[in-house]
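User: Hello! I am new to reading protein structures and would like some help. Could we look at one together?

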Amino acid sequence: MYKDFKVDGHIHTFECGHAYNTITEMAKAGKENGMELICWTEHGPGLPNGSTFSFFNNMRVIPPEIEGVRVLKGMEANILPNGKLDLYKNLRNKMEVVSASLHNATFPPQSKEENTEAVISALQNPYVDYVCHLGNPRYPIDYETVIKEAKKNNKIIEINNGSFYIRKGSKDNCINIAELCKKHDVPVIVGTDAHWSGAVGRFPYARKALEIAEFPEELIMNTDPQKLLNYLEAKGKPLGQYREDEAVDIFDDFDNEEEANA
Ligand SMILES: [Zn+2]
Ligand SMILES: [Zn+2]
């Protein structure tokens, strides 16, 4: 049995057009479910109703902590058929966390080789931290090739709790992915993929899958927020940027100038 999880690696808000709560409600619900950190990986602009450039660009107006929970502001980028992501160039250095996923609207399932190749390109992208819901049976993937590529590129693999009931048939794939991550010493992050506040911080199926795979606790990023923060910091992610902090400096200068003119 693992320690309690304190991190949710994957949540959405009603911004994306198919989820139902605000970020404040999601953070509050996370807190109630024992979360200390949640990754707000909103859907990238490629999805129908996906958020705009300015939505992601302006996330710095939100403080790092909401309702007592550290909220990482990021994107679940879409892997596109050309192997690229819909992560705009000018946003790459502004996201605290970036995940990447295959979604039907932006990458209709292709052959095993093509799906695998697409995931590999995402894993080779320096801005990506983890790839999500790989267990989806609609996308046949050569898991071992992908997990080895994750190891090579210092990436994390997501085990998606929502997959167990949204992407039916994911269970055995998720267990297999966990076993391969264990074999190749690749860390995992569990995400709820919550589109509703009541789901934040609840991971019963993903935890069970990890237990079945006898997955080592030290490779699970969810047991301590610092594990994920250290990983992101080492990659140079812009952690904790907050616009109001920038204003403080402006006023300091202003005050000094006033004194100088007095
Ligand atoms: Zn997704
Ligand atoms: Zn998602």
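Analyst: Happy to help; we will go from the whole chain to single residues, keeping in mind that this is a predicted model.

User: Let's start with the overall picture. How many helices and strands are there in the chain?

Analyst: The chain has 9 helices and 8 strands. Its radius of gyration is 19 Å, close to the 18 Å that the globule rule gives for 262 residues, so the chain is as compact as a globular protein of that length. Along the principal axes, the C-alpha atoms fill a box of roughly 70 × 40 × 35 Å.

User: What percentage of the residues in the chain is buried?

Analyst: Of the 262 residues, 53% are buried. As for contacts between residues at least 6 apart in sequence, 77% of them join residues at least 24 apart.

User: And the charges: how many positive and negative side chains are there?

Analyst: There are 29 positive and 40 negative side chains, and the centres of these two sets lie 8 Å apart.

User: Now a strand, please. Which way do the side chains of strand 8 point?

Analyst: The general idea is that in a regular strand the side chains alternate between the two faces of the sheet. Here, in strand 8 (residues 188–191), Val-188 and Val-190 point one way, while Ile-189 and Gly-191 point the other way. All of these residues are buried.

User: Which strand is joined to strand 8, and by how many bridges?

Analyst: Strand 7 (residues 156–160) runs parallel to strand 8, and 4 bridges join them. One pair to look for is Ile-159 with its bridge partner Val-190 in strand 8.

User: I would like to try the loops on either side of strand 8. Is Asp-185 buried, partly exposed or exposed?

Analyst: Asp-185, in the loop between helix 6 (171–183) and strand 8, counts as partly exposed because its relative accessibility is 43%, and that class lies between 20% and 50%. Asp-185 also has a positive phi of about 60 degrees, although it is not a glycine.

User: Where does Asp-193 lie, and is it buried or exposed?

Analyst: Asp-193 lies in the loop between strand 8 and helix 7 (204–212). Asp-193 is buried, with a relative accessible area of 4%. Its phi is positive too, at about 60 degrees, and Asp-193 is not a glycine.

User: One last loop: which residues is Leu-80 in contact with?

Analyst: Leu-80 is found in the loop between strand 4 (69–78) and strand 5 (97–101). Leaving aside neighbours within four places in sequence, Leu-80 is in contact with Leu-85, Asp-86, Thr-106 and Phe-107. The C-alpha atoms of Leu-80 and Asn-104 are 10 Å apart, with their positions 24 residues apart along the chain.

Methods: Residues are numbered from 1 along each chain as its sequence is written. Chains are lettered from A and ligands numbered from 1 in the order in which they are written. This is a predicted model: local features need pLDDT of at least 70, side-chain atom pairs count only at pLDDT 80 or more; totals for chains, interfaces and linings use all residues. Side-chain values use heavy atoms; hydrogens and water are left out. Buried means under 20% relative accessible area, exposed over 50%, partly exposed in between (1.4 Å probe, protein chains only). Helices (H or I, at least four residues) and strands (E, at least two) are DSSP runs, numbered from the N terminus. Two strands pair if DSSP finds at least two bridges between them. The radius of gyration is taken over C-alpha atoms; the globule rule is 2.2 Å times the number of residues to the power 0.38. Contact means heavy atoms within 4.5 Å. Lys and Arg count as positive and Asp and Glu as negative; His and the chain ends are not counted. The place of a charge is taken as NZ of Lys, CZ of Arg, CG of Asp or CD of Glu.
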